[in-house]
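Grab a pencil and get ready for a few short exercises. Have a look at the fold before you start.

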Amino acid sequence: MQVIDQAIPAVKLVIPKRHGDARGWFSETYRADILAAHGVEDHFIQDNQSFSAQQGTVRGLHFQRHPFAQAKLIRVLSGAILDVAVDLRRDSPTYGKHVAARLDASSGHQLYVPIGFGHGFCTLEPDTMVAYKVAGGVYSPEHDGAVLWNDPDLGIDWPVSEAEAQLSAKDKVAPRFADLPSIF
C-alpha cells in the first residue's frame, strides 16, 4: 500500500496494492499500521456508502463541527468520481485551498480527508457507488455543515456545470466560503 501526500499534505492518496491472477485480484483496502506510519492514526467508527444513479451528481461540500467532526477515507466501489477536500482550518497556510483527485473502481485509489476539511464529490459515470470510513464523531444533524460546492472563491474545476449538476436541496443553498464562521 502506498500513501502519498497531496498538495495539502494532511490529505493523502492511498493506493492499495492489487494481487492478481487468472481469477481476478485481491487487495487490502485498509491497514491501520501502514496509514499510521504516514500520520493517519484515526480510529474509524463508521462505514458509509452512497449510490448515485446519474453522472454529474454532486454531494458536498460537507463537514461536521466539533465534537462530532469527521475524518474520512473514501473509495469507489463502482463508477468514478472527482473527489474534493477543502481546507477549513482557519489557522492553516492552505486555508481555503483544495485538493481534487479522480477515484474510480478500476484503480482502487482512495483519498484520506482529515478533520478540518469540507468534503464533496461529483460522479463522473452513471451508477457510481462510493464507500467511506468515518473517524471522529458519528453523524449529528445539529453539527452538520456545508459550503457551496461551486463557490467561485474556492476555484474548484468541477466536471459539471451548475445547470447540469444533480444536487440535494441542502447543497443548493449552502453558504459561500466567505460567509462561514470559524469552524476549525
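Below are three exercises, each with a worked solution.

A word on the model: it is predicted, so local features need pLDDT of at least 70, side-chain atom pairs count only at pLDDT 80 or more, and totals for chains, interfaces and linings use all residues. Residues are numbered from 1 along each chain as its sequence is written, and side-chain values use heavy atoms, with hydrogens and water left out.

**Exercise 1.** Work out how many helices and strands the protein chain has, and how its radius of gyration fits the globule rule.

*Solution.* Start with DSSP runs: helices are H or I with at least four residues, strands are E with at least two. That gives two helices and 13 strands. Next, take the radius of gyration over C-alpha atoms, and the rule as 2.2 Å times the number of residues to the power 0.38. The protein chain comes out at 16 Å, close to the 16 Å from the rule for 184 residues, so it is as compact as a globular protein of that length.

**Exercise 2.** Find what percentage of the protein chain is buried.

*Solution.* Buried means under 20% relative accessible area (1.4 Å probe, protein chains only). By that cut-off, 47% of the 184 residues are buried.

**Exercise 3.** Trace how strand β1 pairs with strand β2.

*Solution.* Pairing takes at least two DSSP bridges. Strand β1 covers residues 2-5, strand β2 covers residues 12-15, and they pair in the antiparallel sense over four bridges. Now look across: Gln2 stands opposite Ile15 in β2. Finally, follow the chain from β1 to β2: a hairpin joins them through six residues.

Methods: Buried means under 20% relative accessible area, exposed over 50%, partly exposed in between (1.4 Å probe, protein chains only).
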